[in-house]
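Reader: I am new to this structure and would like a close look at one part of it. Please take me carefully through that part and what surrounds it.

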Amino acid sequence: MTRAKAESKSPAGDPNPDSLASFETSLTRLNEIVERLESSELNLEESLGLFEEGVRLARASQARLDAAEKRVEELLAIDEQGEPVVREIDVD
């Protein structure tokens, strides 16, 4: 599999609606975790477990945002002659 194909199939770089839903779900879950950590009286193990889950979700969400930003930059790229840079899109 080529690098371009691997990137297009990664959860972070996949522009399909399922990835967006996954991103939105991650944000919702992160908010729930923050609320529980701030307002609930949890024992140390529960707090650490929620914190670890939150860190994982935050990192995955940041990776999705970074991939989206990279894709936008690619779409807006211009070469030395002022022409838009285009590349084939793999639809597989």
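Which residues are buried in helix 3?

Author: In helix 3, the buried residues are Leu50, Gly54, Leu57, Ser61 and Arg64, where buried means under 20% relative accessible area, exposed means over 50%, and partly exposed is what lies in between (1.4 Å probe, protein chains only). This is a predicted model, in which local features need pLDDT of at least 70 and side-chain atom pairs count only at pLDDT 80 or more, while totals for chains, interfaces and linings use all residues. Residues are numbered from 1 along each chain as its sequence is written, and side-chain values use heavy atoms, with hydrogens and water left out.

Helix 3 covers residues 44–75, and its 32 residues reach 46 Å from the first C-alpha to the last, close to the 46 Å expected at 1.5 Å a residue; the expected span is 1.5 Å times one less than the number of residues. Helices (H or I, at least four residues) and strands (E, at least two) are DSSP runs, numbered from the N terminus, and the chain has three helices and zero strands. At the N-terminal end of helix 3, asparagine 43 acts as a cap, with a side-chain oxygen 3.0 Å from the backbone nitrogen of glutamate 45.

Several of the buried residues of helix 3 meet helix 2, which comprises residues 17–39 and includes serine 26. Leaving aside neighbours within four places in sequence, serine 26 is in contact (heavy atoms within 4.5 Å) with Leu57, Ser61 and Arg64, and serine 26 is itself buried, because its relative accessible area is 9%. Leucine 30, also found in helix 2, touches Gly54, Leu57, Ala58 and Ser61 when residues up to four places away in sequence are not counted. Leucine 30 counts as buried because its relative accessible area is 17%. The C-alpha atoms of leucine 30 and glycine 54 are separated by 5.8 Å, although the two residues are 24 apart along the chain, whereas those of leucine 30 and valine 55, 25 residues apart, are separated by 8.8 Å. Valine 55 belongs to helix 3 and is partly exposed, because its relative accessibility is 24%.

Charged side chains also take part in this picture, and a salt bridge here is a side-chain nitrogen of Lys or Arg within 4 Å of a carboxyl oxygen of Asp or Glu. Glutamate 53 forms such a bridge with arginine 29, their closest N and O atoms being 2.8 Å apart, and this pair links distant parts of the chain, since glutamate 53 is in helix 3 and arginine 29 in helix 2, 24 residues apart. Arginine 29 also meets glutamate 32 in a salt bridge (3.2 Å, N to O), and these two residues both lie in helix 2, three residues apart, about one turn of the helix. Arg29, Glu32 and Glu53 are thereby linked in a network of salt bridges.

Further along helix 3, the side chains of arginine 71 and glutamate 74 meet in a salt bridge (3.3 Å, N to O), and they too are three residues apart, about one turn of the helix. An α-helix has 3.6 residues a turn, so residues three or four places apart point the same way. Valine 72 of helix 3 is partly exposed, because its relative accessible area is 45%.

Notes:
A polar contact is a pair of N or O atoms within 3.5 Å; within protein, one must be able to donate a hydrogen and the other to accept it, and residues adjacent in sequence count only if both atoms are side-chain atoms.
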